[in-house]
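This report introduces a single protein chain to a reader who has not met it before. Please look over the sequence and the structure shown below before reading on.

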Amino acid sequence: RPYLGQGGHAYLQEWLWWAGLLCMGVGEAANFAAYAFAPATLVTPLGALSVLVSAVLSSTFLNEQLNVHGKIGCILSILGSTVMVIHAPQEEEVSSLESMAEKLKDPGFIVFAVCVLVSSLLLIFVAGPRYGQSNVLVYVLVCSAIGSLSVSCVKGLGIALKELFSGKPILKEPLGWVLLVCLVICISIQINYLNKALDIFNTSVVTPIYYVLFTTAVMMCSAILFKEWQHMVLDNIIGTISGFLTIVSGIFLLHAFRDMPFTPNLLPLFLQQGRTDLHSLWRSADRHQSCQHQPLLPSEEKGSQSAEEEEEEEGESV
């Protein structure tokens, strides 16, 4: 369309844009509800399925090419998500804002939150001006660290909403409002520095790195705050970690090799050699097969030529 890429607001007149915005709002509301009813260690890694669905829908409706690496990445993401659901941890029961306040006062979480805030300030004011334009990890680390705190705020607000719907006077509780203000600040910082990272670096580089770092930070924060890993047996721990690493591998294949066409020249040398030998074998077999049928016609021609020569010799002798 003529107004695209001009920096205006003509897209506000498009019903498709409003439909997409509505769908995004519904999806974020569902994600918000999931944090209220399920462990963050389970909900956050399953966000990889949104990347998978986006890749499939883009390939279907936007005619974007999904190469072999992307298809393998989708399969790995599904397998990893399934493994994580099977071995999902159980968080400690938090049914009220009072119990949430007790968990927020835990010394382990306070130390974690202080470390996150201090490291984020150092990245923003010290490392950002020096290395932000050349190192993708600077701004992505800020988004991931602050994002772990935003997930904790979302968990607390989800508990507050459940109490509000049950009829409790939760609006008078100051903790709910504090969590709401902290959530707005954390999301604003995330959006700001994620947009900076996407503006400087390629999306195929930022997306998998951000997913891995953000999910790792959320899992650490959730394990410290809600003690999700405290009562897990060894096989569930191994299954959760294996599922997460499988999802990471799938996301990496889906994004890192998005624009790389898969051709036989990309195969390893021994496979290319085997392919060449097989091709030459087929050609030699074809030539051998054709040679087996060739003597029939020349023999007949040779016989006819010898007969004609004998007739000519007889005529000369006569």
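The following paragraphs move from the whole chain to selected helices and residues.

The model is predicted. Its protein chain contains 12 helices and 0 strands, and the order of elements along the sequence reads α-α-α-α-α-α-α-α-α-α-α-α. Of the 318 residues in the protein chain, 32% are buried. When contacts between residues at least 6 apart in sequence are considered, 79% join residues at least 24 apart.

An unreviewed UniProt entry assigns the feature "transmembrane region" to residues 15-35, 42-62, 109-130, 136-154, 175-193, 205-225 and 237-257. Two of these spans are set out in the table.

| Span | Distance between end C-alpha atoms | Helix | Strand |
|---|---|---|---|
| Residues 136-154 | 27 Å | 95% | 0% |
| Residues 175-193 | 27 Å | 100% | 0% |

Helix H8 covers residues 174-200, which gives it 27 residues. From its first C-alpha to its last, H8 reaches 40 Å, close to the 39 Å expected at 1.5 Å a residue. The buried residues in H8 are Leu175, Gly176, Leu179, Leu183, Cys186, Gln190, Tyr193 and Ala197. As background to such a list, an α-helix has 3.6 residues a turn, so residues three or four places apart point the same way.

The packing of two further helices can be described in similar detail. In general, a pair of packed helices is characterised by the angle between their axes and the distance between the axes. Helix H1 (residues 15-37) packs against helix H7 (residues 137-165) at an angle of about 80°, and their axes are 8 Å apart. H1 is therefore roughly perpendicular to H7. On the H1 side, the contact is made by Phe32, Tyr35, Ala36 and Phe37. H7 contributes Val151, Val154, Lys155, Leu157, Gly158, Leu161 and Lys162. By class, the residues of this contact between H1 and H7 comprise 8 nonpolar, 1 polar and 2 charged.

Helix H7 also holds tyrosine 139. Is this tyrosine 139 buried or exposed? Tyrosine 139 is counted as buried because its relative accessible area is 8%, and buried means under 20%. Apart from its neighbours within four places in sequence, tyrosine 139 is in contact with Gly128, Gly132, Gln133, Tyr193, Lys196, Ala197 and Ile200. Among these partners, Tyr193 and Ala197 are themselves buried residues of H8. The C-alpha atoms of tyrosine 139 and glycine 128 are separated by 7.2 Å, and the two residues lie 11 residues apart along the chain.

A second residue, asparagine 236, belongs to helix H10 (residues 234-256). Asparagine 236 counts as partly exposed because its relative accessibility is 24%. Its C-alpha lies 8.4 Å from that of isoleucine 86, although 150 residues separate asparagine 236 from isoleucine 86 in sequence.

Methods:
Residues are numbered from 1 along each chain as its sequence is written. This is a predicted model: local features need pLDDT of at least 70, side-chain atom pairs count only at pLDDT 80 or more; totals for chains, interfaces and linings use all residues. Side-chain values use heavy atoms; hydrogens and water are left out. Helices (H or I, at least four residues) and strands (E, at least two) are DSSP runs, numbered from the N terminus. The expected span of a helix is 1.5 Å times one less than its number of residues. Buried means under 20% relative accessible area, exposed over 50%, partly exposed in between (1.4 Å probe, protein chains only). Axes are lines fitted to C-alpha atoms, for helices over the stretch in contact, and angles run from 0 to 180 degrees between N-to-C directions. Angles under 35 degrees count as roughly parallel, over 145 as roughly antiparallel, 65 to 115 as roughly perpendicular and the rest as oblique. Contact means heavy atoms within 4.5 Å. Ala, Val, Leu, Ile, Met, Phe, Trp, Tyr, Cys and Pro count as nonpolar, Asp, Glu, Lys and Arg as charged, and the others, Gly among them, as polar. UniProt positions are given in the numbering used here, feature names are shortened, and annotations may be inferred rather than shown by experiment.
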